[in-house]
Amino acid sequence: MPSYTAKRFRPNPTKISGWKIFFGLYLVLAVTGIAIGVSSLNSYLHESEASLPVHAMEKYVASLGRDYYSEMMRVPVHLMTISEYETEDTVMNVLMSKLPKKPKYTFSQDFEQSTAIAPTYRVACEGDDIALVTLRQNGETRYHQPVWEVSRVISIAQVTLQPAYSVSATVPNGSLLKINGVAVPVDRFSFEERDAVLEDAALAYTPVPTALLYEISGLYDVPSVQAFDLLGTEITPSHAPESGESQRVYVYSRILRPEAPPEIKSRLEALMRTTVEYMTHESTPEGTSAMDDFLVVGSSAYQLLHTTLSVDATRMALLPAGTSAAKAQYLHTEMLTNTYCISEVQLGTRRFRWYLVKTDAVWRAFHLDMTDSAS
């Protein structure tokens with residue numbers, strides 16, 4: 001019986017044809033080319049879209065803040081008619097106070113003024129057009145798409161703000177009135193009324209005191225109003241408006257000074273010494289002459305001295321014997337004009353109210369009221 005020997009199986013090697021290799025390479029190159037083409041197309045489309053001028057405007061508007069609004073509004077504010085008591089900054093401050101902390105800016109193309117090489121847009125802040133922005137091409141991308149930049153900005157803003165405040169101020173004549181720190185010229189006041197009556201004898205030395213009125217309207221912001229008397233002291237108004245009132249009405253009254261100006265006080269002290277000496281002693285020509293030097297000739301005070309007070313019994317009954325002028329209390333002085341004042345002096349239970357005018361360089365009394373008053 002024949003024997004069989006098992007042979008080891010060895011497959012024949014497979015031959016790779018050339019066309020298969022070519023097809024594989026072609027496939028790889030084709031896929032790579034398509035990928036590159038798609039990527040390039042996407043880049044081109046992206047740059048084409050990004051190069052539109054509208055996107056340049058989007059970036060431009062996104063960068064705007066409150067300062068841009070202020071810059072655009074300066075132009076129309078500069079053309080406004082503003083009173084001498086306010087400035088352009090006053091109006092700008094009011095406008096800025098009405099603007100939100102983060103204002104909203106928008107834009108739209110102005111097709112009438114736009115061209116292919118210079119697209120133009122209107123920029124609005126909170127809905128109001130304030131600027132006209134023109135773009136220009138500044139270079140190209142690698143795909144020859146235009147790069148846009150802002151070439152010109154023109155303000156087209158308009159001020160719709162209306163004046164909201166007025167001032168009416170009544171001050172004593174001789175006062176200095178200031179609105180927002182600016183002095184009101186004297187010729188701008190109108191004479192409202194007299195606030196004192198003078199004797200004929202005194203009119204030769206001083207004008208009649210009056211209350212002066214000044215009125216102005218057309219103010220955009222709440223004004224600061226100050227008044228200073230003829231000696232430069234600020235006057236507190238006897239009437240002032242509430243904080244929210246648009247019609248600002250002020251009334252200023254004269255200051256009752258606790259101490260008279262040095263020139264008047266020294267004259268009062270000498271007057272009181274002479275008066276006490278005259279009223280506590282019998283009448284003499286020298287005493288009468290000394291009093292005359294302090295009085296306006298022909299005035300009511302002069303007549304009082306030479307009639308009622310000329311009688312010793314009447315005059316000496318007004319002050320107790322031994323009264324000393326050193327105990328006089330000088331209560332207050334009211335300056336009505338530069339040459340007219342009223343001063344009150346307390347001596348014991350007697351109150352003297354002296355009306356004085358400046359005759360040349362000397363203060364003299366033209367009227368005297370004496371009343372009994374507790375010290």
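# Salt bridges, helices and two unusual loop residues

In this predicted model, the side chains of arginine 351 and glutamate 344 come together in a salt bridge, with an N to O distance of 3.5 Å. Glutamate 344 also takes part in a salt bridge with arginine 353, for which the N to O distance is 2.3 Å. The acidic partner, glutamate 344, is buried, since its relative accessible area of 11% falls under the 20% that marks a buried residue. Arginine 351, by contrast, is partly exposed, with a relative accessible area of 26%, and arginine 353 likewise counts as partly exposed at 22% relative accessibility. Salt bridges that share partners also join Asp110, Arg122 and Asp129 into one network.

A search of the whole structure finds 13 salt bridges, and one of them pairs arginine 188 with glutamate 84, whose closest N and O atoms are 2.5 Å apart. Arginine 188 sits in the loop between strand E7 (182–183) and strand E8 (190–194), while glutamate 84 sits in the loop between helix H3 (66–78) and helix H4 (88–97), so this pair ties together parts of the chain that are 104 residues apart in sequence. Arginine 188 counts as partly exposed at 41% relative accessibility, and for glutamate 84 the relative accessibility is also 41%, which places this residue in the partly exposed class. Behind such pairs lies a simple principle, namely that side chains of opposite charge can pair when their charged atoms come close.

The loop that holds glutamate 84 lies between H3 and H4, and these two helices pack against each other. Two packed helices are described by the angle between their axes and the distance between the axes. For H3 and H4 the angle is about 135° and the axes are 10 Å apart. That angle makes H3 oblique to H4, because only angles over 145 degrees would count as roughly antiparallel. The crossing in which H3 passes H4 is right-handed. On the H3 side the contact is made by Arg66, Tyr69, Ser70, Met73, Arg74, Val77 and His78, and on the H4 side by Glu88, Asp89, Val91, Met92, Leu95 and Met96.

Another helix to follow is H6, which covers residues 262–279 and has 18 residues. From its first C-alpha to its last, H6 reaches 26 Å, close to the 26 Å expected at 1.5 Å a residue. The buried residues of H6 include Ile264, Leu268, Leu271, Met272, Val276 and Met279, and also among them are Arg267, Thr274, Thr275 and Tyr278.

The backbone deserves a look as well. Most residues other than glycine have a negative phi. Glutamate 126, although it is not a glycine, has a positive phi of about 50°; this residue lies in the loop between strand E2 (120–125) and strand E3 (128–140), and at 42% relative accessibility glutamate 126 counts as partly exposed. Asparagine 180 is a further residue other than glycine with a positive phi, here near 55°. Its place is in the loop between strand E6 (176–179) and E7, and asparagine 180 counts as partly exposed at 31% relative accessibility.

Definitions and conventions. Residues are numbered from 1 along each chain as its sequence is written. This is a predicted model: local features need pLDDT of at least 70, side-chain atom pairs count only at pLDDT 80 or more; totals for chains, interfaces and linings use all residues. Side-chain values use heavy atoms; hydrogens and water are left out. A salt bridge is a side-chain nitrogen of Lys or Arg within 4 Å of a carboxyl oxygen of Asp or Glu. Helices (H or I, at least four residues) and strands (E, at least two) are DSSP runs, numbered from the N terminus. Buried means under 20% relative accessible area, exposed over 50%, partly exposed in between (1.4 Å probe, protein chains only). The expected span of a helix is 1.5 Å times one less than its number of residues. Axes are lines fitted to C-alpha atoms, for helices over the stretch in contact, and angles run from 0 to 180 degrees between N-to-C directions. Angles under 35 degrees count as roughly parallel, over 145 as roughly antiparallel, 65 to 115 as roughly perpendicular and the rest as oblique. A crossing is left-handed if the near helix is turned anticlockwise from the far one by less than a right angle, and right-handed if clockwise. Contact means heavy atoms within 4.5 Å.
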